[in-house]
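Take a look at the fold below. This report goes from the overall layout to single side chains.

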Amino acid sequence: METWQTSKSYKQIEVSTIGNVRNKETKQILKTKKNHRNLNLVSLPQNHNNGTFCVLVCNIVCETFMENFIKKRYSTIRHKNGDNSDDRLENLEIIIPTKFN
């Protein structure tokens with residue numbers, strides 16, 4: 001079942017457990033695009049000007065739903081099934097190299 005929650009870093013959006021991102025006010029699902037590694041990106045508006053910036057969907061899903069997620073400099077999000085475009089919460093895990101633990 002798809003569960004929605006407000007993003008911790010981007011208060012204007014909501015994120016679902018299956019990797020969808022939507023506008024919090026309009027409930028419209030935002031379009032994603034792929035980067036060179038087949039990772040999903042979503043464009044968000046910048047508050048201080050009319051531009052936009054891109055954020056990885058897997059990062060937003062992890063920070064929103066994983067209680068102990070802190071994006072550390074050396075941590076990596078791994079897609080368990082090897083499909084970089086599958087941003088379901090159950091498919092994501094955080095990898096921190098042992099020398100940085």
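What follows covers the fold, one sheet with its helix, and two ring contacts.

**Overall layout**

The model is predicted. The protein has one helix and eight strands. Along the sequence the pattern reads β-β-β-β-β-β-α-β-β. Of the 101 residues in the protein, 33% are buried. The exposed surface is about 6,700 Å². Carbon and sulfur atoms supply 48% of that surface. Take the contacts with a sequence separation of 6 or more: 35% of them join residues 24 or more positions apart.

**The sheet and the helix**

Three strands build an open sheet, ordered β4-β5-β6, with antiparallel pairing. Its edge strands are β4 (32–34) and β6, and each of these pairs on one side only. On average, neighbouring strands in this sheet are turned by 40 degrees against each other, direction ignored.

How many bridges join β5 and β6? Strand β5 (residues 40–45) pairs with β6 over five bridges, in the antiparallel sense. One residue pairing can be named: P45 has T52, in β6, as its bridge partner.

Helix α1 covers residues 57–65. The helix lies across β4, β5 and β6. Relative to β6, α1 runs at about 70 degrees.

**Ring contacts**

The structure holds one aromatic pair. Its members are Y10 and F53, and the pair is tilted. The planes stand 45 degrees apart, which is why the pair counts as tilted: stacked needs under 30 degrees and edge-to-face over 60. The pair links distant parts of the chain, 43 residues apart. Y10 sits in the loop between β1 (4–6) and β2 (13–16). F53 belongs to strand β6 (residues 52–56).

Is F53 buried or exposed? F53 is partly exposed, because its relative accessible area is 26%, and the buried class ends at 20% while the exposed class starts over 50%.

A charged side chain also meets a ring: R22 lies over the face of W4. The distance from the ring centre is 3.9 Å.

The two ring contacts are listed here.

| Contact | Kind | Distance |
|---|---|---|
| Y10 and F53 | tilted aromatic pair | 5.9 Å, centre to centre |
| R22 and W4 | R22 over the face of W4 | 3.9 Å from the ring centre |

**Putting it together**

Strand β6 recurs in this account. It is an edge strand of the open sheet. It pairs with β5 over five bridges. Helix α1 lies across it. And it carries F53, the partner of Y10 in the aromatic pair.

Technical notes. Residues are numbered from 1 along each chain as its sequence is written. This is a predicted model: local features need pLDDT of at least 70, side-chain atom pairs count only at pLDDT 80 or more; totals for chains, interfaces and linings use all residues. Side-chain values use heavy atoms; hydrogens and water are left out. Rings of Phe, Tyr and Trp (its six-membered ring) pair if their centres lie within 6.5 Å; planes under 30 degrees apart count as stacked, over 60 as edge-to-face and the rest as tilted. Helices (H or I, at least four residues) and strands (E, at least two) are DSSP runs, numbered from the N terminus. Buried means under 20% relative accessible area, exposed over 50%, partly exposed in between (1.4 Å probe, protein chains only). A charge sits over a ring if NZ of Lys or CZ of Arg is within 6 Å of the ring centre and within 35 degrees of the ring normal. Two strands pair if DSSP finds at least two bridges between them. Axes are lines fitted to C-alpha atoms, for helices over the stretch in contact, and angles run from 0 to 180 degrees between N-to-C directions. Contact means heavy atoms within 4.5 Å. Accessible areas come from the Shrake-Rupley method with a 1.4 Å probe; for residues, only the protein chains shown count as cover.
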